[in-house]
Amino acid sequence: MIRLFGSFTSPFVRHCRIALAQAGLPYEFVETNYQQSAQGSPTQRVPYLEWEETKLTDSTSILKFIRAQQSQDFLPSLAECELYATANTLLDTTINLFLLEKDGCTPDNTPYLARQLARLGTTLENLNGQVWPTDHKVVVTDDGMLRLCCYLDWVLFRNRLDLTPYPNLLTLLKTAQQNPTFTASAPPQ
Ligand SMILES: N[C@@H](CCC(=O)N[C@@H](CS)C(=O)NCC(=O)O)C(=O)O
């Protein structure tokens with residue numbers, strides 16, 4: 001049996017949960033906190049996955065594994081790969097700001113964090129300028145768009161950023177929210 005370790009709030013874990021549901025693969029979800037992930041994975045992060053002798057410690061290799069079970073290529077096009085990588089930058093940057101804020105480091109008192117915040121603004125503005133599909137089935141079968149939607153929903157869930165300057169991205173998220181598999185994986189309110 002596949003075992004996926006993670007939390008219901010992590011956007012990285014959510015993407016893996018969606019892919020597992022799309023593949024129809026049975027798996028055990030093991031809720032894992034910071035202390036447990038420090039023991040269970042060398043990266044001290046979630047998600048990680050165990051299956052027989054296979055142990056994967058990053059959502060990217062986990063997604064590649066899941067898509068391979070469906071005989072699907074992971075990130076087959078350059079555009080999908082670029083969007084997936086861009087969404088990862090948004091995720092890592094926003095989470096970095098979120099976690100450091102808990103230690104009292106903010107863009108106001110730490111110059112590198114001001115650069116991190118600026119990176120979010122320019123990246124979101126660029127993505128908002130793109131044309132997005134309006135069919136939820138198209139959105140959730142592209143791992144770049146799926147990654148971006150997991151990110152946008154997490155931003156709203158954690159109230160991290162004001163997304164109103166990015167109406168096209170909010171419309172993209174609304175499109176994804178028409179998909180039952182995407183909605184069923186939403187963080188608990
Ligand atoms: N590149 C990793 C990032 C995973 C990640 O940042 N997970 C967060 C939870 S959303 C985490 O476990 N953070 C713990 C920490 O930073 O110590 C992936 O794609 O799996």
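Author: In this predicted model, a polar contact is a pair of N or O atoms within 3.5 Å.

Reader: What makes the approach of D58 to the ligand a polar contact?

Author: A polar side-chain atom of D58 lies 2.9 Å from a nitrogen atom of the ligand. The cut-off is 3.5 Å, so the pair counts as a polar contact.

Reader: Which atoms of V46 and S59 meet the ligand, and why are these pairs called polar contacts?

Author: For V46, a backbone N or O atom is 2.8 Å from a nitrogen atom of the ligand. For S59, an N or O atom of the side chain lies 2.6 Å from an oxygen atom of the ligand. Both pairs are within 3.5 Å and therefore qualify. Of the 520 Å² of accessible area that the ligand has on its own, the protein covers 81%.

Reader: Where does the ligand sit, and which residues surround it?

Author: The ligand sits in the largest pocket. Among the residues that surround the ligand are F12, Y34, R45, I95 and R147.

Reader: What makes R45 and R147 charged members of this shell?

Author: Arg counts as charged, so R45 and R147 belong to that class. The shell divides into six nonpolar, three polar and three charged residues.

Reader: How do you know that domain 1 and domain 2 both contribute to the shell?

Author: Domain 1 (2-69) and domain 2 (78-184) each supply at least three residues of the shell.

Reader: What makes the two domains count as being in contact?

Author: Contact requires heavy atoms within 4.5 Å. By that criterion, 13 residues of domain 1 are in contact with 17 residues of domain 2. The centres of the domains, taken over C-alpha atoms, are separated by 21 Å.

Key:
Residues numbered from 1 in each chain as written. Predicted model: local features only at pLDDT ≥ 70, side-chain atom pairs only at ≥ 80, totals over all residues. Heavy atoms only, no water. Near = heavy atom within 4 Å. Polar contact = N/O pair within 3.5 Å; in protein donor to acceptor, adjacent residues only side chain to side chain. Areas by Shrake-Rupley, 256 points an atom, 1.4 Å probe, with all protein chains shown as cover. 1 Å grid on protein atoms, 1.4 Å probe; cavity = no way out; pocket = protein on both sides within 12 Å on 5 of 7 lines; lining within 4 Å. Sits in = over half its atoms within 2 Å of the grid points. Domains from an automatic or database assignment.
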